[in-house]
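Let's take a friendly tour of how side chains meet in a folded chain. Have a look at the picture below, then read on.

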Amino acid sequence: MDSPSPSSPAPALSSNARPLIVGPPTPAAPYPIFVHGQVTKGFGRGGKQLGIPTANLPEAAVSQALSHIPIGVYFGWAQVLAGDHCVRPMVMSLGWNPYFKNEKRSGEVHIIHEFKDDFYGAEIRVAILGFVRAERDYESLELLVEDIRVDIEAAKVSLRREPYWRIKDDQFFISSCEKKAEN
């Protein structure tokens, strides 16, 4: 399923008792936060180690556009200007990734969709709509992956609410799901 439907039923709690609906009924300040830039190469851990590939925001976007929000996990919409241009649900880790002991703050966007190809260098557009949870350290890779999977479910469920759903059609995004003409 690429995008949740606003009319889909939403479970109240996850298996580890975290709420799956995060954020107020309508996005509230400072959201939405719109960020864009070229997808950069990261550490290569998302897809290979975690099985959850990420698109890394450029360092400038993280240090400038996102410096005013706390580290943690966020949810919203993302669009890659390569392929079909669809606006899709996303979760984003903004922080230091303590499990991996990063030395610099990063913004790693997991777009909830299975892509066939990498899109390094393509433009990514991200609308951050709310906070999911604070950044944590983990005793094992399995616990980290389990928490990320709950974050993904929380994003999908939270985006089903109409005020959040509507933002995927914001003019910030370019021609959602535009099919490229075959040459």
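A salt bridge is a side-chain nitrogen of Lys or Arg within 4 Å of a carboxyl oxygen of Asp or Glu. Keep in mind that what you see is a predicted model. A search through the whole of it turns up nine salt bridges.

**Oppositely placed charges**

Here are three of the nine salt bridges, with the N to O distance of each.

| Salt bridge | N to O distance |
|---|---|
| Arg-18 and Asp-151 | 2.5 Å |
| Asp-147 and Arg-133 | 3.6 Å |
| Glu-162 and Arg-166 | 2.7 Å |

Start with Arg-18 and Asp-151, whose closest N and O atoms are 2.5 Å apart. This pair links distant parts of the chain: Arg-18 belongs to the segment before strand E1 (33–38), while Asp-151 is in helix H3 (residues 141–159), 133 residues apart. Are these two residues buried or exposed? Both Arg-18 and Asp-151 are buried.

Next come Asp-147 and Arg-133, with 3.6 Å from N to O. Asp-147 lies in helix H3 and Arg-133 in strand E6 (residues 123–133), so their salt bridge ties together parts that are 14 residues apart in sequence. With a relative accessibility of 6%, Asp-147 counts as buried, and Arg-133, at 7%, counts as buried too.

These residues also belong to a wider arrangement: a network of salt bridges links Arg-18, Arg-133, Arg-136, Asp-147 and Asp-151.

What about the last row of the table, where Glu-162 and Arg-166 meet in a salt bridge? Glu-162 has a relative accessibility of 40% and counts as partly exposed. Arg-166 is partly exposed as well, with a relative accessible area of 49%.

**Rings that meet**

Now for the aromatic side chains. A pair of aromatic rings is described by two things, the distance of the centres and the angle of the planes. How many aromatic pairs does the structure hold? There are seven of them.

One is formed by Trp-77 and Trp-165, an edge-to-face pair with 5.6 Å from centre to centre and 80 degrees between the planes. Trp-77 sits in strand E3 (residues 72–80) and Trp-165 in helix H4 (residues 162–165), so this pair ties together parts that are 88 residues apart in sequence. Trp-77 counts as buried at 0% relative accessibility, and Trp-165 counts as buried at 18%.

Another pair brings Phe-115 and Phe-119 together: the ring centres are 4.9 Å apart and the planes stand at 70 degrees, so the pair is edge-to-face. Phe-115 counts as partly exposed, at 30% relative accessibility, whereas Phe-119 is buried, with a relative accessible area of 17%. You will find Phe-115 in the loop between strand E5 (106–111) and E6. The C-alpha atoms of Phe-115 and Gly-83 are separated by 9.4 Å, with their positions 32 residues apart along the chain.

Rings can also gather in a group, and Tyr-31, Tyr-74 and Phe-131 form one aromatic cluster.

**Charges over rings**

Finally, look at where charge and ring come together. The ring of Trp-165 has the charged end of Lys-168 sitting over it, 4.4 Å from the ring centre. Likewise, the charged end of Arg-125 sits over the ring of Phe-172, at 4.9 Å from its centre. Trp-165 therefore appears twice in this tour: its ring lies under the charged end of Lys-168, and Trp-165 also pairs with Trp-77, so that strand E3 and helix H4 are tied together.

Key:
Residues numbered from 1 in each chain as written. Heavy atoms only, no water. Phe/Tyr/Trp six-rings, centres within 6.5 Å; stacked < 30°, edge-to-face > 60°. Helix = DSSP H or I, 4+ residues; strand = E, 2+ residues; numbered from the N terminus. Buried < 20%, exposed > 50% of the residue type's maximum accessible area, 1.4 Å probe, protein only. Lys NZ or Arg CZ within 6 Å of the ring centre and 35° of its normal.
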